[in-house]
There are 2 protein chains.
Amino acid sequence: MALVVQKFGGTSVADADRIKNVARRVVERHAEGNQVVVVVSAMGHTTDELLDLASEVATTPHPRELDMLLTAGERISMALCAMAIEERGVPAMSLTGSQAGILTTAQHGQAEIVDIRGDRVRKGLEEGKVVIVAGFQGVDPTSRDVTTLGRGGSDATAVALAAVLGADECEIFTDVDGVYTADPRVVPNARKLPEVSFEEMLELSGAGAGVLMARSVEFGRRYRIPIHVRSSFHDGPGTWVKEDTMEEAIIRGIAHDTDETKVTVHGVPDKPGVAAGLFEPLADAGVNVDMIVQNVSREGVTDISFTVPKASADAARDISARVAEDVGAGGVDIDPDIAKVSLVGAGMKSESGIAAKMFRILSDHGINIEMISTSPIRISCVVRGTDTLEAVRTLHDGFGLGSTGGDDD
Amino acid sequence: MALVVQKFGGTSVADADRIKNVARRVVERHAEGNQVVVVVSAMGHTTDELLDLASEVATTPHPRELDMLLTAGERISMALCAMAIEERGVPAMSLTGSQAGILTTAQHGQAEIVDIRGDRVRKGLEEGKVVIVAGFQGVDPTSRDVTTLGRGGSDATAVALAAVLGADECEIFTDVDGVYTADPRVVPNARKLPEVSFEEMLELSGAGAGVLMARSVEFGRRYRIPIHVRSSFHDGPGTWVKEDTMEEAIIRGIAHDTDETKVTVHGVPDKPGVAAGLFEPLADAGVNVDMIVQNVSREGVTDISFTVPKASADAARDISARVAEDVGAGGVDIDPDIAKVSLVGAGMKSESGIAAKMFRILSDHGINIEMISTSPIRISCVVRGTDTLEAVRTLHDGFGLGSTGGDDD
C-alpha cells in the first residue's frame, strides 16, 4: 500500500463541479489501494474576494487578522472536498493547518514551515480515511496564532507533508499539463518534459517558470519525494520532478522572466566594502536581489548592475541613490524594460560550448545581451524586453528543444 | 472599569460599511473605559451561500464537514471586525470558538456549550485589546472537532461568555429595536418594552417572539447577566432583559407563532401508559413537542392533541399513526392551519381573571379557541391560522398594551 499526497490548486477547486471532479480522482487513487492525503488551496477567486473585503474595512489590514481572514478560504474548499469524497462512499476528514500540526514561523503572510506534527493526519489514515489538509496555512506554536505561507504555500504544504509522512509520491494538480521546454504560450511547439531533476526544476523556477515554486521543489529535493506535476483537467501524465536520472540530458528548457527591473550604479569607486555597503541595506529592506554583475574596473571606478522584482524597484532605486551618494558614485539608472532569458539543463555541466552557442544564436538574431549570469546548470542573459519572445523562440529552435511533429502525450 | 460583551448578528455585519459601523460602536464603548468582548455572526447571507455549495457537492453533507464549512463564516466576519477596530487605533484580536475555549457537546449542527475556558480572551483583555470571538461555534474537547451550536447559537455564545467572564452586561445588537408588546409588523401601535424579566422573556421566546432565543435567556437568568437587546442601526436604548423588577407589570405582551402544526389522536383508550407510549417515540425521533392537551375521557376513550414545529409534522404524523394502531385508537388528524397566540406577563401570577378576559375578548371577535395551555406567567391559545392577526390585535387592544400616541424612545 502506497501513500500518496495529492495537491489541488485554486482553479482545480473553483466550483462545485470541479470539486466533484477532484473527489472522483481522489477516490480512484484510494480505490487502487493507496492511502491518500489531499492538500487544497482556496476556491478560485476566494482569496481575492477576501482581500477586497479587507481593503474595504482597513487601509492596512492587521497581518494577524489578514491571515485569520484568508485561512477561511481553504477551510471552505477542504470541507467541500471532504463532503464530496464522503458522497462517493469513502470516509474523509478535513483538517486545518493547525489541526494537521503544521508549525510555522510567526511571520504573518509569509510564514515558513518549521515542523509538521501530523498526528491527526496519521490517525485519520490509520482509520482508513482520506485526509484533506488545508494548504497555505499553519500555526505559530508560540502565539498559537494562525499563519499563512505566502506565494506557492499550498505546494509547499503538500511536499512538506509528503516528506514528513514518508509518502511515496506527491502529485501537484494544476491548470497546466506539466513542465515544458519553454512557455507554450510563447513557443507553440514547446515540448512537455517527462521528467526533470530537482536541481533543474529549482533553476527553472528561479528563472521564471511559474509552474512550481522553488520552496516546494527544495522540500522534494531534501527529502527525496518525487513530485508529479500534472493537469487537473485530464488524466494524462505530466512531468516528474525527481532525483537525477541517467537519461542523457544536455538542455532541459528555456525559461523567461519579464517581472524584473535592472538597476545600475555607475562610477563606483573600486575599493573593498562598496558592494557590501550597497547590498546590505537592500537585504535589510527585504529587496530580493536576483542577478548581480560587476564589470572589471577602469580608471579606479566600476559599474554594478543588478536585477530586482518590479515590485521592489522603487525601494531599490531609493536605497541605491543614497548609497551612491555616500560612496561618491556617479549615479543610478533604472531600466524596467528588460527580460531575463535562461537556458537550464544538467547536461551543461559536462558539455562545453553551450554558453558560446547561446550567445551566438542571440547575436545572429540581432539581440543584444546586457547582463550575463551563470550557475553550473543555467545560463541567464538579460535582454531588451521587446526582444523576449524572439530570444525564447530562437533559443528553443537553436537547441532543438521543440517537438518534431509527433504528439508525445 | 466595566466588562461588556457586545454581540452583532448577521445583518449587523452584512457588508464592509456595516462592519465599519460595528467598529465605531465597539471603539466608543472601549473609549468610555470599558473592557469589550465582541461576538459576531457570519456576514449576512454567507451561511446560506455555504449551505448551497454543500448541497451542490453532496446530497447529505457530512455533519462534521458541514460544521467545518459553516465556521468559515464567522472566521471571515470576526477577522474583518478586528481589522476595522485596529484601523481606528484600538488593538484588537479575533479568536475562533476553539481558540476562545468554547467547549461543546459532540453533536454537530446543534452542539451545546458545556464549558468556556476563555484563557485567551482574558489574556487579550489584560493586554488592553478588544477581543472578537466567533459566535455559533465551539470545539468538542474529545474529538477536537469543530462544532456549531445551531439556531440562536451566536446569542448563546455571547451570554455564556458574559457569564463566564463575569461581565457587567451583555448587549445583543440586532435588526429590531428591542422586545415589543407584540410583533410591530402585525400591531402597528405595539410598544417597545423598556425591560422584561428573564422568566417573561423565556415565555415570550417559547411563544414565538424571535428576537432572542430561549437558550441565551436561560444563560442570562442562571448567571444573572443583564441582557440589553438593541438595534445595530441606531443608538437608542432597546429592551433590558434582567431579573424581576418591582415595577407593576400585569401583562408584558402578546406573542404569536404560526410555525406549528396540530396533531390529534382520536379515540385513545384511557389507560395508564398510553401518553408515554406516544411521546417517547416522538422524543426519540427528535420531534420537539410544544403544547399537549388531553381532554377528560368519555366512555373510556379520550383525544390527545399536541403541537409540533411544521418541519416535524410528517415525522409526528407517521409516529402517531403507528402508535394509534398499536393502542387501538381511532385515528390521527393533522392540521397545519393553526396559530398559537400567547399572553405573557409576571403580573398574572397575582392577578386573577386574566385568562377569562383573554377568552372573552377572543370570543367577542368570533375567534374559536381550539387548545389552551398555561404556565404561571403565560396563557396560550391555539386558534385558526386565518384568525392570527385579528387575535393578536384585539388582545393587544383589549389589554391596553399599545402606545398612547407619545413616542417613548
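**A tour from helix 1 to the two-fold axis**

Begin by selecting helix 1 of chain A, residues 16–31: its 16 residues, at 1.5 Å a residue, should span 22 Å, and the end C-alpha atoms are indeed 22 Å apart, which agrees. The model on display is a predicted one.

Next, within helix 1 of chain A, select Arg18(A), Ile19(A), Val22(A), Ala23(A), Val26(A) and His30(A), which are buried. Turn the view to look down the axis of this helix: the buried residues fall within an arc of 150 degrees, so they line one face of helix 1 of chain A. An α-helix has 3.6 residues a turn, so residues three or four places apart point the same way.

Now rotate to the other side of helix 1 of chain A, where Asp17(A) and Ala31(A) are exposed.

Which elements cover the buried residues of helix 1 of chain A? Among those to display from chain A are strand 1 (3–8), strand 2 (35–40), helix 3 (63–87) and strand 6 (130–134). Chain B contributes to the cover as well, through its helix 2 (46–57).

Move just past the end of helix 1 of chain A and select Gly33(A), which takes a positive phi of about 100 degrees.

Finally, show both chains in full. Chain B is superposed on chain A by a rotation of 180 degrees with 0.1 Å of shift along its axis, at an RMSD of 0.1 Å. That is the relation of a two-fold axis. To locate this axis from chain B, select Ala72(B), whose C-alpha is the nearest to it in that chain, at 2.6 Å. Of the interface residues of chain B, 100% are also interface residues in chain A, so the copies meet through the same surface.

How values were computed
Residues are numbered from 1 along each chain as its sequence is written. Chains are lettered from A and ligands numbered from 1 in the order in which they are written. This is a predicted model: local features need pLDDT of at least 70, side-chain atom pairs count only at pLDDT 80 or more; totals for chains, interfaces and linings use all residues. Copies are superposed by least squares on the C-alpha atoms of residues with pLDDT of at least 70 in both. Two residues are in contact if their C-beta atoms, placed from the backbone, lie within 7 Å. Helices (H or I, at least four residues) and strands (E, at least two) are DSSP runs, numbered from the N terminus. The expected span of a helix is 1.5 Å times one less than its number of residues. A residue is buried if 20 or more other C-beta atoms lie within 10 Å of its own, exposed if 12 or fewer, and partly exposed in between; C-beta atoms are placed from the backbone. The arc is that of the directions from the helix axis to the C-beta atoms.
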